[in-house]
Amino acid sequence: MDIVSDIVANGHVLVLHGDFDVRSTWAVRDAIYECIDLLDDDVVIDMTDVSTIDATALRLLAVATRHAWLAGHHLTVRNPGPAVRRMAHGRTGVAHAIEVERVAATA
């Protein structure tokens, strides 16, 4: 199991790699809040390379989404994989509190 050990900040985009769970929530939380508090832009969490997520990490995203909204910004999750989507829509019930980036359909 590879916990999120690599958080790459590219402007307003935070790119996470590995398993996003209780062991990595403080590091991810600090990175998200730093972006929200220091940038005058919306924040995107790129989860393309996140293979699993737990309820604690999903709750963190929900709370950070609210924090961003209160600060006048949006926090959006980009490319959550099937396991992440299942967990968000399953037992945790936080899918409604997390904004997922919409991708335009191609013809």
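Leu14 sits in strand S2 of this predicted model. With a relative accessibility of 2%, Leu14 counts as buried, because the cut-off for buried is under 20%. From there, this briefing moves to the chain as a whole, then to the packing of helices H1 and H2, and ends with a few residues in H3 and the loops.

**Leu14 and its surroundings**

- Leaving out residues up to four places away in sequence, Leu14 touches Ile7, Val8, Ala9, Ala31, Ile32, Cys35, Val44, Ile45 and Asp46.
- Two of these partners, Ile32 and Cys35, are themselves listed among the buried residues of H1.
- Leu14 and Val43 are 29 residues apart along the chain, and their C-alpha atoms are separated by 7.6 Å.

**The chain as a whole**

- Three helices and five strands make up the secondary structure of the chain.
- Along the sequence, these elements follow the pattern β-β-α-β-α-β-α-β.
- Of the 107 residues in the chain, 42% are buried.
- Among contacts in the chain with a separation of 6 or more, 65% are between residues 24 or more positions apart.

**Helix H1**

- H1 covers residues 25-38, and its buried residues are Thr25, Val28, Ala31, Ile32, Tyr33, Cys35 and Ile36.
- The 14 residues of H1 should span 20 Å at 1.5 Å a residue, and the C-alpha atoms at its ends are 20 Å apart, so the two values agree.
- Thr25 belongs to H1 and is buried, as its relative accessible area is 10% and the cut-off is under 20%.
- Not counting residues up to four places away in sequence, Thr25 touches Phe20, Thr56, Ala57 and Leu60.
- Arg29 also has its place in helix H1, but Arg29 is partly exposed, with a relative accessible area of 29%.
- The C-alpha atoms of Arg29 and Ala64 are separated by 7.6 Å, although these residues are 35 apart along the chain.

**Helix H2**

- H2 runs over residues 55-70, and Ala55, Ala57, Leu58, Leu60, Leu61, Ala62, Ala64, Thr65 and Ala68 are buried in H2.
- The cover over these buried residues includes strand S2 (13-20), H1, strand S3 (43-53), strand S4 (75-78) and helix H3 (82-89).
- For the 16 residues of H2, 1.5 Å a residue gives an expected span of 22 Å; the C-alpha atoms at its ends are 23 Å apart, which agrees.

**How H1 and H2 pack**

- Two packed helices are described by the angle between their axes and the distance between the axes.
- H1 and H2 pack at an angle of about 15°, and their axes are 11 Å apart.
- That angle makes H1 roughly parallel to H2, because angles under 35 degrees count as roughly parallel.
- The crossing of the helices H1 and H2 is right-handed.
- On the H1 side, the contact is formed by Thr25, Val28, Arg29, Ile32, Tyr33, Ile36 and Asp37.
- On the H2 side, the contact is formed by Thr56, Ala57, Leu60, Leu61, Val63, Ala64, His67 and Ala68.
- The residues of this contact divide into ten nonpolar, three polar and two charged.
- As background, an α-helix has 3.6 residues a turn, so residues three or four places apart point the same way.

**Helix H3 and the loops**

- Ala83 lies in helix H3 and counts as partly exposed, at 28% relative accessibility.
- Ala83 and Ile53 are 30 residues apart along the chain, with their C-alpha atoms separated by 7.5 Å.
- Ala97 is placed in the loop between H3 and strand S5 (99-100), where Ala97 counts as partly exposed at 27% relative accessibility.
- Apart from its neighbours within four places in sequence, Ala97 is in contact with Ala62 and Thr65, two residues listed as buried in H2.
- The C-alpha atoms of Ala97 and Leu58, 39 residues apart along the chain, are separated by 9.4 Å.
- Asn79 is found in the loop between S4 and H3, and Asn79 counts as partly exposed at 39% relative accessibility.
- The phi of Asn79 is near 55°, which is a positive value in a residue other than glycine.
- For context, most residues other than glycine have a negative phi.

Methods
Residues are numbered from 1 along each chain as its sequence is written. This is a predicted model: local features need pLDDT of at least 70, side-chain atom pairs count only at pLDDT 80 or more; totals for chains, interfaces and linings use all residues. Side-chain values use heavy atoms; hydrogens and water are left out. Axes are lines fitted to C-alpha atoms, for helices over the stretch in contact, and angles run from 0 to 180 degrees between N-to-C directions. Helices (H or I, at least four residues) and strands (E, at least two) are DSSP runs, numbered from the N terminus. Angles under 35 degrees count as roughly parallel, over 145 as roughly antiparallel, 65 to 115 as roughly perpendicular and the rest as oblique. A crossing is left-handed if the near helix is turned anticlockwise from the far one by less than a right angle, and right-handed if clockwise. Contact means heavy atoms within 4.5 Å. Ala, Val, Leu, Ile, Met, Phe, Trp, Tyr, Cys and Pro count as nonpolar, Asp, Glu, Lys and Arg as charged, and the others, Gly among them, as polar. The expected span of a helix is 1.5 Å times one less than its number of residues. Buried means under 20% relative accessible area, exposed over 50%, partly exposed in between (1.4 Å probe, protein chains only).
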